[in-house]
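Let's take a friendly walk through one sheet and its surroundings. Have the sequence and the 3D view at hand as you read.

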Amino acid sequence: MQIQQIRNATLVVQFHHQRFLIDPWLVQKESMPGFEGAVHADVRQPRTELPLSVEEIVKGLDAVILTHFHPDHFDELAVKLLDKKLPFFVQDEADFAQIKAFGFQDVRLVSTEGVSFNGLMLTKTRGQHGKRDTVKPICDSMGMPYDAMGVVFQANDEKTLYLAGDTIDCPEVRQAIQTFKPEVMVLNSCGAMLSCGEKLIMDAADVLALATDFPEVSFVASHMDTVSHLTVTRQDLQRLNLKNLLIPSDGEILNF
């Protein structure tokens with residue numbers, strides 16, 4: 001297994017001889033305004049440039065996975081550059097219809113029962129993109145989708161990988177760890193926050209709690225230092241001094 005941190009939640013994952021592009025956000029630095037209703041709305045995003053060319057990122061792919069349809073996870077440049085014949089995995093019927101409308105021909109749903117793909121299994125997990133009772137009504141009022149899936153990768157010749165996706169530490173995530181027993185887990189960890197103070201994804205306290213409670217898991221911090229509404233940086237996570245936490249720079253490759 002190989003995980004390359006690209007930028008934000010965008011990853012390239014090599015698993016069971018398959019190359020997956022996760023949540024492609026490929027636009028240039030500062031090409032988007034900050035998120036309305038979130039902290040630092042005046043800061044343009046992405047805050048950083050891509051660490052390599054978009055052509056290199058989309059080269060030699062076997063499939064694409066979109067955890068949810070938010071503008072910091074998928075953009076118009078990805079629509080333009082990605083091969084429309086690539087298998088494209090999504091979380092629900094709404095995202096299925098949207099990706100189909102962009103002209104992608106082989107769109108597939110990931111389910112909680114799992115879906116087979118070229119000798120490996122992809123399984124959808126649930127989380128909370130911010131506290132469900134508080135954040136979902138806010139998303140609904142803004143016309144923004146709330147749900148974001150996680151994905152578990154399993155194959156006989158690989159360690160189990162769990163991409164938690166955009167979620168806080170919550171019972172759904174902990175149940176997934178107990179069920180699938182991943183050896184490697186990617187956490188979106190920049191503590192993105194609404195202006196009302198509600199966090200949308202994990203912050204340093206969440207990372208510390210999970211890494212402490214599951215010392216057997218190798219955790220990887222992703223979704224760092226890029227969106228306008230972050231409240232946690234890579235430097236903040238480094239101060240936790242956790243032995244089972246890896247904090248890759250943009251462009252860095254981790255091998256497991």
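In this predicted model, T123 has V152 of strand β9 as its bridge partner. That pair belongs to a longer match: strand β8, residues 120-125, runs antiparallel to β9, and five bridges link them.

What lies on the other side of the pairing list for β9? Strand β10, residues 161-163, is joined to β9 by three bridges, again in the antiparallel sense. Here F153 stands opposite L161 of β10. The two strands make a hairpin, with six residues between β9 and β10.

The pairings of β9 can be set side by side:

| Partner strand | Residues | Bridges to β9 | Sense |
|---|---|---|---|
| β8 | 120-125 | five bridges | antiparallel |
| β10 | 161-163 | three bridges | antiparallel |

Is β9 itself mostly covered or mostly open? Strand β9, residues 150-154, is mostly covered, with four of its five residues buried.

Now zoom out to the whole sheet. Seven strands form an open sheet in the order β7-β8-β9-β10-β11-β12-β13, and the pairing is mixed. At its edges are β7 (115-117) and β13 (245-246), each of which pairs on one side only. As background, strands of a sheet pair through backbone hydrogen bonds, either parallel or antiparallel.

Finally, a look at a helix. D92 caps the N-terminal end of helix α3 (residues 93-101), placing a side-chain oxygen 3.3 Å from the backbone nitrogen of A94. Just after α3 comes G103, with a positive phi of about 100°.

Key. Residues numbered from 1 in each chain as written. Predicted model: local features only at pLDDT ≥ 70, side-chain atom pairs only at ≥ 80, totals over all residues. Heavy atoms only, no water. Buried < 20%, exposed > 50% of the residue type's maximum accessible area, 1.4 Å probe, protein only. Pairing = 2+ DSSP bridges. Polar contact = N/O pair within 3.5 Å; in protein donor to acceptor, adjacent residues only side chain to side chain.
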